[in-house]
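Biologist: Let's go through this one together. I will ask, you reason it out.

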Amino acid sequence: MKKFLLGTLGLVAMAAPAFAADLPARTYTKAPPPMMPAPIYDWTGFYIGGNAGWGESRNCVDLDIAGVFDRDACLNKSGGLIGGQVGYRWQMGQFVVGLEAQGDWADISNSHVSFFVPEIITTSKLDGLGLFTGQIGYTWGPSLLYVKGGAAVTSNRFTIFDTITTAQFDINSTRWGGTIGVGWEYLFTPNWSVGVEYDHLFMGHRDNSFFGGIGPVLGDHISQDVDMVTVRFNYKFGGLGAPPVVSRY
């Protein structure tokens, strides 16, 4: 019996290496890398920025001739705009609401010879404007599409020049009206965004009287609308919230 057991153990010892060689090699699976959280885009907070672009102003001028206003001309004039804006936004899910104030310097002017009084040259210049608006928008990822509306104000200078007497009459006018607009903005960092915006200003009409040494010498009735397209850069104060906890392997 003892010899039988010893022989059996010997056979098992000899067969073990051969059996192990027939087993498949053990494979090792590397732990997957930790999952990175999706970027979080947050539009909530104060922001300040600058803008530049192009504007066009349409003025219709009615001259007061012998106490009667007659349509003299409707003029389109265009030029550059540059300025800045400041505001605050609140994000609620995928909806964003906000308030904004914007001011721009402008160089938009035009002159024409009066149809009724050819010796008269009238000049109209828009040299500044402001917008005070509310916004509502929809965001997906880093993009924000919004509409806006509110009050608008323009600073204008009107000049009448008499080529015969060389007399010149000037008047500065601040006009209030309304505005509507639409824009798109993109967050390319947690704090910096770039966008483009279109606005239309409804400035209504205004009556002006040009005075000489002894009283009014001429009056006009001017209606005005303004279109503007600007490229905007904004810096939003405050970054993203704390990132979610990521499991480690």
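Biologist: Are E100 and R232 buried or exposed?
Modeller: This is a predicted model. Buried means under 20% relative accessible area. R232 has 1% relative accessibility, so R232 falls under that limit. For the pair E100 and R232, the verdict is the same for both: buried.

Biologist: What is the N to O distance in the salt bridge of E100 and R232?
Modeller: The pair links distant parts of the chain, with E100 in strand β3 and R232 in strand β8. In sequence they are 132 residues apart. Their side chains meet in a salt bridge, N to O, at 2.6 Å.

Biologist: Which strand holds the salt-bridge partner of K148?
Modeller: K148 sits in strand β5, residues 143–162. The side chain of K148 meets that of E197 in a salt bridge of 2.8 Å, N to O. Both K148 and E197 are buried. E197 is 49 residues from K148, in strand β7.

Biologist: Why does the salt bridge of E197 and R232 tie together separate parts of the sequence?
Modeller: The closest N and O atoms of E197 and R232 are 3.4 Å apart. E197 lies in strand β7 and R232 in strand β8, so the pair ties together parts separated in sequence by 35 residues.

Biologist: What is the relative accessible area of E197, and why does E197 count as buried?
Modeller: The limit for buried is under 20% relative accessible area. E197 is below that limit, so E197 counts as buried, with a value of 1%.

Biologist: Which residues are linked in a network of salt bridges?
Modeller: E100 pairs with R232. K148 pairs with E197, and E197 also forms a salt bridge with R232. The count of salt bridges in the model comes to five. The network links E100, K148, E197 and R232.

Biologist: Now the nonpolar side. Which element gives the most to the largest nonpolar core?
Modeller: That core has 11 residues, among them L81, L126, L129, L131 and M228. The elements giving two or more residues are β3 (95–113), β4 (120–140), β7 (192–211) and β8 (216–236). With three residues, the one that gives the most is β4.

Biologist: Which residues of β8 lie within contact of L126, leaving out those up to four places away in sequence?
Modeller: L126 touches several residues, including S57, K77, A106, I108 and T154. Strand β8 covers 216–236. The contacts of L126 that fall in that range are Q224 and V226.

Biologist: How many residues are in the second, separate core?
Modeller: Its members include W43, V96, Y146 and L187. The full number is five.

How values were computed: Residues numbered from 1 in each chain as written. Predicted model: local features only at pLDDT ≥ 70, side-chain atom pairs only at ≥ 80, totals over all residues. Heavy atoms only, no water. Core = buried A, V, L, I, M, F, W, Y, C linked by side-chain atoms within 4.5 Å. Buried < 20%, exposed > 50% of the residue type's maximum accessible area, 1.4 Å probe, protein only. Contact = heavy atoms within 4.5 Å. Salt bridge = Lys/Arg side-chain N within 4 Å of Asp/Glu carboxyl O.
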